[in-house]
Amino acid sequence: MSHEAGTAEASRKGRAALGRSLTRALPVAPALVLLLLFLAGPIAYCAYIAFTDLQLTGQAQESFVGFDNFRKAFEDEAFLNAVWLTLVFTVLSSLIGQNTLGLALASLMQRASKPVRTLVGGIVITAWVLPEVVAGFLLYAFFRREGTLNALLDWLHLPSQNWLFTLPILAVSFANVWRGTAFSMLVYSAALNEIPKEITEAAEVDGAGGWRRLWHITLPMIRRSIGTNLMLNTLQTLSVFGLIWVMTRGGPGDKSQTLPLFMYEQAFQNSMIGYGTAVALLLLLLGSLVSVIYLRLLRTEV
Amino acid sequence: MPHTPGSRRTLSNRRTAHRLAADFGLLTLAAAFALPLAWVILSSLDPNADLRVKVPDSLTFSNFDAVLTPGITFTPLLNSLILCGGGTLLTVVCAALAAYPLSRFRSRLNRPFLLTVLFATSLPITAIMVPVYALFVQVNLIDTMQGTIFFFAASQLPFAIWLMKNFMDGVPKELEEAAWTDGASSSQSLLRIVLPLMGPGVAVVTVFCFVMMWGNFFVPFMLLLTPDQMPAAVSINEFFGNRGMVVYGQLAAFSVIYSSPVLVLYVLVARRLGGGFALGGAVKG
């Protein structure tokens with residue numbers, strides 16, 4: 001806008017410019033309305049009822065209880081158990097399992113022959129594309145006492161056991177690895193393809209062994225993808241519900257009850273929506289924290 | 001030391017050895033991934049299926065016959081189709097509209113908006129389902145298809161906008177400017193020029209949204225109550241998970257039927273884009 005022009009003209013121009021930006025921004029409106037009503041709305045509502053004693057039924061009016069729900073949570077054995085199991089589940093299945101196995105698959109694929117690569121990629125991706133509930137049933141069958149894993153262990157003359165009963169958190173962690181590794185594999189395949197061949201070949205000719213090449217060349221060159229992948233895996237793993245629900249319902253007892261299942265149980269089986277939502281809010285804050293770190297990582301990358 | 005005079009030949013020998021080792025390693029890993037998949041396929045054709053992977057003594061389609069009834073298969077699949085089709089349509093239309101100004105016009109608001117969208121893509125949706133339930137009870141959207149569709153669309157929108165905007169950035173602006181000088185409006189150039197040119201991108205967004213919704217269990221599980229409205233993701237659990245006696249062959253057959261649409265869609269899109277790597281790259285941002 002020109003400064004020499006009269007104020008009246010300037011404001012008319014300003015209004016015209018504002019009008020033009022509004023017209024241009026108009027197509028964003030439907031998306032914005034949906035996001036505000038159905039995503040921002042529930043998040044704000046979540047922040048509100050986490051501080052009330054709202055119940056599922058038989059209550060005239062909920063009342064504001066301050067930080068009671070949170071105080072209660074941190075004194076609740078079951079909540080602390082759920083936090084611990086969520087931690088175990090996330091570290092085992094996402095940070096260690098999906099991440100390492102995805103990198104292993106991707107780097108083996110770099111060297112393998114094409115038909116093997118296609119076949120293996122197809123199998124791993126199929127596990128990823130399958131609906132969550134179907135994956136749950138498949139791994140339930142795999143880990144059951146009468147299931148395939150025990151059949152395999154018997155065949156190898158190794159001791160078998162009732163996995164879903166003795167080590168349910170391990171079983172659901174493996175299930176999450178089975179289902180989620182393809183994503184890491186795809187991210188790492190894309191990253192490894194970007195490393196110039198000359199660099200690895202030069203290192204190979206210089207006699208650097210596989211592990212040293214991995215540690216000194218490959219990992220530093222794909223470190224941004226590692227960061228992105230770890231964050232996205234963690235976020236996905238934090239919100240796993242259906243897989244565990246189908247396999248164990250969080251049981252036996254509460255031996256595989258991660259935070260989402262705990263939240264569900266408190267809100268619906270114990271009818272304490274307020275308390276369940278307080279747990280949900282904590283989960284949401286944890287997710288936001290990971291999400292902010294992820295954005296930071298992306299910003300350095302772009 | 002490895003580099004002796006004959007090191008060229010040893011190097012190429014070593015490469016072949018490496019490739020064989022890599023093939024072997026991959027196939028071993030893939031076998032572990034394949035076992036549960038083998039169970040579902042073999043059991044669906046086995047008249048006496050149990051929980052183990054085994055080759056059936058005889059092949060039968062009776063499991064499929066038994067589940068191909070309106071109550072078990074057709075109604076839940078139709079519900080899934082309405083929910084996911086409606087949700088995907090709404091998501092893709094809104095995302096394409098929103099991506100256009102974000103990709104084409106410069107504004108101070110673009111960056112904060114996109115950052116918020118990116119932030120929202122990674123929020124754990126599971127965490128807000130309890131408040132969404134409470135909210136839907138208040139506004140009478142609980143147990144309605146449209147409410148569930150709206151929520152599905154809102155939950156997929158951030159990622160859809162992000163993907164769509166990135167694909168749209170790939171369409172050169174010059175092509176559009178030519179249309180503008182010919183007097184085309186923004187909406188015309190979006191419909192006639194930009195969207196057709198980014199067809200594969202739109203296909204990726206559509207398939208991605210549809211696959212995510214088709215497999216989602218928690219959202220319909222929370223927001224729908226009437227059994228007649230349940231999509232396959234929830235009904236499979238009701239039919240098989242809650243019964244004392246489970247007919248594993250039928251469960252496997254239903255799983256195959258329910259999973260095949262998303263597998264087919266994925267293969268179609270992956271083939272057009274040269275492997276699943278495009279999605280991996282797109283997610284990387």
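Leaving aside its neighbours within four places in sequence, which residues is B:E176 in contact with? In this predicted model, the list runs to B:Y100, B:R104, B:S189 and B:V194. B:E176 itself sits in helix α7 of chain B, a stretch that covers residues 173-181. With a relative accessible area of just 1%, B:E176 counts as buried, because the cut-off for that label is anything under 20%. One of the contacts is also polar: the side chains of B:E176 and B:R104 meet at 2.4 Å. So a glutamate that is buried has an arginine side chain as a polar partner.

Next comes the meeting of the two chains. Here 87 residues of chain B touch 94 residues of chain A. Putting chain B and chain A together buries about 8100 Å², and carbon and sulfur atoms supply 79% of that area. On the chain B side, the most is given by helix α1 (residues 7-44), which puts in 20 residues. As for polar links across the two chains, five residue pairs are in polar contact, counting pairs with both residues at pLDDT 80 or more. Salt bridges between chain B and chain A come to zero.

Over on chain A, there is a nonpolar patch on the surface, with an area of about 540 Å². A:W84, A:L87, A:V91, A:L92, A:L95 and A:I96 make up this patch. A:I96 belongs to helix α4 of chain A, which spans residues 77-111. How accessible is A:I96, and which label does that value earn? Its relative accessibility is 47%, and A:I96 is therefore classed as partly exposed, since that label covers values from 20% to 50%.

Back in chain B, the loop between α5 and α6 deserves a look at its backbone. Most residues other than glycine have a negative phi. Two residues in this loop go the other way. The phi of B:N140 is positive, near 60 degrees, and B:N140 is not a glycine. B:N140 is placed in the loop that links α5 (129-138) to α6 (145-169). B:D143, also not a glycine, has a positive phi of about 65 degrees, and B:D143 too is found in the loop between α5 and α6 of chain B. Is B:N140 buried or exposed? Its relative accessible area is 64%, so B:N140 is exposed, the cut-off being over 50%.

Note on methods: Residues numbered from 1 in each chain as written. Chains lettered and ligands numbered in written order. Predicted model: local features only at pLDDT ≥ 70, side-chain atom pairs only at ≥ 80, totals over all residues. Heavy atoms only, no water. Patch = residues over 30% accessible without salt bridge, like charges linked within 9 Å, V, L, I, M, F, W, Y side chains within 5 Å. Areas by Shrake-Rupley, 256 points an atom, 1.4 Å probe, with all protein chains shown as cover. Salt bridge = Lys/Arg side-chain N within 4 Å of Asp/Glu carboxyl O. Helix = DSSP H or I, 4+ residues; strand = E, 2+ residues; numbered from the N terminus. Buried < 20%, exposed > 50% of the residue type's maximum accessible area, 1.4 Å probe, protein only. Contact = heavy atoms within 4.5 Å. Buried area = accessible area lost by both parts, 1.4 Å probe. Polar contact = N/O pair within 3.5 Å; in protein donor to acceptor, adjacent residues only side chain to side chain.
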